[in-house]
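Thanks for coming. I will go through one structure today, a piece at a time, and I would like you to keep the picture in view while I talk.

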Amino acid sequence: MSTTPVTPQHSGRSSHGSGPRPGGDRPRKPRRQYVRKRKVCRFCVDKVDYIDYKNAELLQTFILDRGKVIPRRITGTCARHQRWLKVAIKRARNIALLPFAAGA
């Protein structure tokens, strides 16, 4: 007796798109083009040189109700102003102008 490894047989039918599509050969609808509006940094537009940590109303718009800082990709803030914003929020939290987290 010889001991040769047994290999599974391939059925010949492939599930990777060989043959006609189910539902016939109907034409596809053209996809609508979506152009995303470029977000601009509101601090750059206003030419802000310093983000004041004492302005709690401004800083409140950049944190969630749970106390998390909203990321750049959502707010559209540039990298420089996001860093300034982060420092201002941390300072405002330390002197109790802003919450660290949501109250339970």
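Confidence is highest in α4, at a mean of 96, and lowest in α3, at 92. This is a predicted model, and the average pLDDT over the protein is 84. Of the residues, 78% score at least 70. Please keep one general caution in mind: where pLDDT is low, the predicted coordinates should not be read in detail.

Now the overall layout. There are four helices and zero strands, so going from the N terminus you read α-α-α-α. The protein has 104 residues, and 18% of them count as buried. The accessible surface is about 9,700 Å², with 53% of that belonging to carbon and sulfur atoms. What about contacts between residues at least 6 apart in sequence: what share of them join residues at least 24 apart? The figure is 60%.

Next, the core. In soluble globular proteins, nonpolar side chains tend to be buried together. Here the largest nonpolar core has twelve residues: Cys41, Phe43, Ile51, Leu58, Leu59, Phe62, Ile63, Leu85, Ala88, Ile89, Ala92 and Leu98. Two helices, α2 (56–60) and α4, each supply at least two residues of this core. Which helix gives the largest share? That is α4, with four residues.

Let us take Leu85 as one of these core residues. Leu85 sits in helix α4. Is Leu85 buried or exposed? Its relative accessible area is 0%, so Leu85 is buried. Leaving aside neighbours within four places in sequence, Leu85 is in contact with Phe43, Ile51, Leu59 and Phe62. There is also a distance to look at on the screen: Leu85 and Leu58 are 27 residues apart in sequence, and their C-alpha atoms are 9.9 Å apart in space.

Ala92 is another of the core residues. With neighbours within four places left out again, Ala92 is in contact with Tyr53, Leu59, Leu97 and Leu98.

Now move to the loop between α3 (72–75) and α4 (79–94), which is where Thr77 lies. Thr77 has a relative accessible area of 3%, and so Thr77 is buried. Its side chain makes a polar contact of 2.9 Å with the side chain of Thr75. Beyond the neighbours within four places in sequence, Thr77 is in contact with Cys41, Phe43, Phe62, Arg72 and Gln82. Two of those names, Cys41 and Phe43, you have already heard in the list for the core.

That brings us to the cysteines. A disulfide is a covalent bond between the sulfur atoms of two cysteines. How many disulfides does the structure hold? The number is zero. Start with Cys41, whose closest cysteine sulfur is in Cys44, 3.7 Å away, which is too far for a bond. The cut-off for a disulfide here is 2.5 Å between the sulfur atoms. Then take Cys44, whose closest cysteine sulfur is in Cys78, at 3.6 Å, again too far for a bond. As for exposure, Cys41 is buried because its relative accessibility is 6%, whereas Cys44 is partly exposed, at 40%.

Last, a few backbone points. As a general rule, most residues other than glycine have a negative phi, and most peptide bonds are trans. Lys47 has a phi near 55°, which is positive in a residue other than glycine. You will find Lys47 in the loop between α1 (42–45) and α2. Lys47 is exposed, with a relative accessible area of 68%.

Ala96 is not a glycine, but it has a positive phi of about 65°. Ala96 lies in the segment after α4, and with a relative accessible area of 65% it is exposed.

Ile95 also lies in the segment after α4. At 48% relative accessibility, Ile95 counts as partly exposed; the upper limit for that class is 50%. From Ile95 to Lys54 is 41 residues in sequence, and 9.3 Å in space from C-alpha to C-alpha.

To go back over the main points: this is a predicted model with four helices and zero strands. Its largest nonpolar core has twelve residues, and α4 supplies four of them. The structure holds zero disulfides.

Definitions and conventions:
Residues are numbered from 1 along each chain as its sequence is written. This is a predicted model: local features need pLDDT of at least 70, side-chain atom pairs count only at pLDDT 80 or more; totals for chains, interfaces and linings use all residues. Side-chain values use heavy atoms; hydrogens and water are left out. Buried means under 20% relative accessible area, exposed over 50%, partly exposed in between (1.4 Å probe, protein chains only). A polar contact is a pair of N or O atoms within 3.5 Å; within protein, one must be able to donate a hydrogen and the other to accept it, and residues adjacent in sequence count only if both atoms are side-chain atoms. Contact means heavy atoms within 4.5 Å. Accessible areas come from the Shrake-Rupley method with a 1.4 Å probe; for residues, only the protein chains shown count as cover. pLDDT is the predictor's confidence in each residue, from 0 to 100. A nonpolar core is a set of buried Ala, Val, Leu, Ile, Met, Phe, Trp, Tyr and Cys residues joined through side-chain atoms within 4.5 Å.
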